Amino acid sequence: MEFLINKKHWFLLLTIILFFCFYFYFMFISPFFHGGLNGLLKVLSSWQSLNAGFLAFASSILAFSIARYNAEKQSEREFVAAKAFLSEALSDLSAYFEQSATLYTEAYQRASNEQDSCKTRLKSNLPILPKGYREVFRNCIHSATPDVGEHLARILSLLQIHVAR
C-alpha cells in the first residue's frame with residue numbers, strides 16, 4: 001500500500017476514502033436497514049449507472065496508482081544502474097582536473113616570473129577531456145531525483161566553464 005500513501009497527496013487520499021465511506025453507507029447499508037433486501041435491490045437498480053461510474057473511477061485510480069508506483073520503481077532501478085558508472089566518470093574527471101591544475105600552476109608561475117614572461121612553451125601537456133562522462137551524467141540526471149539531477153547538472157555546467165577557459 002506504500003504507493004497509495006504519499007505525503008504530498010494525503011488530503012486527496014483522505015477525500016477519496018471519505019467519499020467511499022459515504023457512498024458505501026448510502027448505497028448499501030442504509031437502503032438495506034430501511035427497506036431490507038428489496039430496498040437494497042431497488043436502490044442498486046435505480047442507481048446502477050452511478051455504481052458503474054464509481055467502479056470505473058475506482059479501477060482507474062487503482063490502475064493509475066499501480067502505473068505510478070511501477071514508474072517510480074523503474075526510475076529508481078535506472079538510477080542505481082547509472083550510478084554504478086558514475087564513480088568511474090567522476091574519477092576520470094578528477095584526473096582531468098588534476099592535470100589541468102598542474103598546467104594552470106605552471107602557467108601562473110611562468111606568468112609571475114618576470115624573466116620568462118610566458119616566452120617559452122609550457123612543459124605540461126594540455127589535458128584531454130575524458131569521453132564517456134557525458135552519457136553517464138545524462139543517464140544519472142535523467143533518472144535521478146530533481147535535487148540530485150540539479151547537482152549533477154551544476155557539475156557539468158562548471159566543467160563546461162573550466163573547459164572553455
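These are my notebook entries on what I looked up in this structure, which is a predicted model.

**Entry 1: the nonpolar core**

I began with the largest nonpolar core, which has 15 residues, and I asked which of them touch the most other members. They are L86, L93, L129, Y133, F137, C140 and L159. I then looked up which elements give two or more residues to this core, and found α2 (48–112), α3 (133–143) and α4 (146–164). Of these, α2 gives the most, with six residues.

I took C140 as one member to follow further, and I left aside its neighbours within four places in sequence. With that restriction, C140 is in contact with F79, A82, K83, L86 and L152. L86 thus appears again here, as a contact of C140 and as one of the core residues that touch the most other members.

**Entry 2: the two sides of α3**

Next I went along α3 and noted which of its residues are buried, and these are Y133, V136, F137, C140 and S143. They lie on the same side of α3, because the arc that they cover around the axis is only 150 degrees. What covers these buried residues includes α2 and α4. On the face turned away from the buried side of α3, I found the exposed residues R134 and H142.

**Entry 3: salt bridges**

How many salt bridges does a search of the whole structure find? I recorded two.

One of them joins K73 to E76, with 3.5 Å between the closest N and O atoms. K73 and E76 are three residues apart in helix α2, so about one helical turn separates them. I also checked the accessibility of each partner: K73 counts as partly exposed because its relative accessibility is 25%, and E76, with a relative accessible area of 43%, is partly exposed as well.

The other salt bridge joins R138 to E135, and here the closest N and O atoms are 2.8 Å apart. R138 and E135 are three residues apart in helix α3, so they too are separated by about one helical turn. R138 is partly exposed, with a relative accessible area of 46%, and E135 is partly exposed, with 43%.

**Entry 4: the nonpolar surface patch and α1**

I then turned to the surface, where L18, F20, F22, F24, Y25, F26, I29, F32, F33, L37 and L41 form a nonpolar patch. Together these residues have about 1200 Å² of accessible area. I picked I29 from this patch for a closer look and placed it in helix α1 (residues 10–46). Its relative accessibility is 32%, so I29 counts as partly exposed.

Is P31, which is also found in helix α1, buried or exposed? I noted P31 as buried, because its relative accessibility is 10% and the cut-off for buried is under 20%. Not counting residues up to four places away in sequence, P31 touches Y25, F26, G36, G39, L40 and V43. Among these contacts, Y25 and F26 also belong to the nonpolar surface patch.

**Entry 5: distances along the chain**

Finally, I looked up two separations between C-alpha atoms. P31 and L86 are 55 residues apart along the chain, and their C-alpha atoms are separated by 62 Å. P31 is found in helix α1, whereas L86 is one of the residues in the largest nonpolar core.

For the second pair, I used F57 and N70, which are 13 residues apart along the chain and have their C-alpha atoms separated by 20 Å. F57 lies in helix α2, and I entered F57 as partly exposed because its relative accessibility is 41%.

Note on methods. Residues numbered from 1 in each chain as written. Predicted model: local features only at pLDDT ≥ 70, side-chain atom pairs only at ≥ 80, totals over all residues. Heavy atoms only, no water. Core = buried A, V, L, I, M, F, W, Y, C linked by side-chain atoms within 4.5 Å. Buried < 20%, exposed > 50% of the residue type's maximum accessible area, 1.4 Å probe, protein only. Helix = DSSP H or I, 4+ residues; strand = E, 2+ residues; numbered from the N terminus. Contact = heavy atoms within 4.5 Å. Patch = residues over 30% accessible without salt bridge, like charges linked within 9 Å, V, L, I, M, F, W, Y side chains within 5 Å. Areas by Shrake-Rupley, 256 points an atom, 1.4 Å probe, with all protein chains shown as cover. Salt bridge = Lys/Arg side-chain N within 4 Å of Asp/Glu carboxyl O. Arc of directions from axis to C-beta.
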